[in-house]
Amino acid sequence: KQQNFLLVTHKFPDHDAIGSLLSMAQMLKIQGHNVTCWVPDFDRREFGWMPGNELVTDHSILRIEPSASDFVGGNGTYNFVISLDASNFDRIPQNQQLVSLLKSVPLINIDHHMDNSHYGAYNYVVDLSSVGELLFQLFLSWGWEVDASVSTCLYAAICSDTGRFLFDNTTGSTLIAAGALINRGADRHLVSRKIYESKSQA
C-alpha cells in the first residue's frame with residue numbers, strides 16, 4: 001500500500017544526516033511511496049551535489065496536512081515521520097511544528113548515537129559508525145536493491161562520519177559496507193572531492 005512519509009533530521013545537518021535522509025527518500029520512492037524531506041536549514045551549496053537533493057524542501061513552515069503540491073505525485077496526510085541521525089527530539093529544528101502531527105502519526109527514530117533518548121514510537125538505534133552504515137544493513141535485510149545513486153549517498157554518510165575511515169568508529173563491517181557500496185556504483189571520487197577537496201580549497 002502506498003504511504004506518505006515525512007523525513008527529518010537534526011539541525012546543522014552533516015553528510016551522514018543528509019546522505020542518510022536522501023538514501024531513505026530514494027529507496028522509499030522506489031518502493032512506490034510518497035516522500036517529503038523537510039530540512040529547514042538545508043545548504044544547497046554544501047549538499048546540492050548529492051543524488052536526490054531535489055527531494056528536499058527547506059521551507060521554514062510545512063503544512064501538516066499536505067496538498068498534492070507537497071509531494072511528487074501524491075497527496076493526503078502523512079502516515080509516518082522518520083527521524084534520521086537525531087539523538088533527541090530537541091535536535092530536530094522543526095520539532096515544535098511536529099508536535100501536533102505526532103499525536104496521530106507515529107515517529108520512527110533511526111540513529112547510531114548510544115545517547116539517543118528513544119523519543120520515537122518506534123526506535124531503531126544501533127552502535128555503528130554512522131546512520132549510513134545502519135541503513136545499508138537495513139536495506140539489504142529488507143531485500144531492497146541499492147542502486148548507484150543511493151550507494152553514493154550512503155558512502156558519503158559513512159565516509160564523513162568516519163573521517164575517511166580514520167576515526168575509531170571505523171570497524172571491519174564499516175569497511176565491508178563501504179566496499180559493497182563502491183561495487184554497487186558509489187562515486188567515491190565525487191564524494192572525496194565534494195566533502196574534502198572543496199573544503200581544503202576554500
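1. From the N terminus on, the elements of the protein chain run β-α-β-α-β-β-α-β-β-α-α-α-α. That comes to seven helices and six strands, where helices (H or I, at least four residues) and strands (E, at least two) are DSSP runs, numbered from the N terminus. This is a predicted model: local features need pLDDT of at least 70, side-chain atom pairs count only at pLDDT 80 or more, and totals for chains, interfaces and linings use all residues. Residues are numbered from 1 along each chain as its sequence is written, and side-chain values use heavy atoms, with hydrogens and water left out.

2. The radius of gyration of the protein chain, taken over C-alpha atoms, is 16 Å, close to the 17 Å that the globule rule gives for 202 residues, so the chain is as compact as a globular protein of that length. The rule is 2.2 Å times the number of residues to the power 0.38. The C-alpha atoms fill a box of roughly 40 × 35 × 30 Å along the principal axes.

3. Of the 202 residues, 52% count as buried, meaning under 20% relative accessible area (1.4 Å probe, protein chains only).

4. The largest nonpolar core (buried Ala, Val, Leu, Ile, Met, Phe, Trp, Tyr and Cys residues joined through side-chain atoms within 4.5 Å) has 47 residues. Among those with the most contacts inside this core are Leu 7, Met 24 and Ile 82. Beyond four places in sequence, Ile 82 is in contact (heavy atoms within 4.5 Å) with residues including Phe 5, Leu 28 and Ile 110. A second, separate core of 13 residues includes Trp 38, Ala 86, Phe 89 and Leu 107.

Definitions and conventions
Buried < 20%, exposed > 50% of the residue type's maximum accessible area, 1.4 Å probe, protein only.
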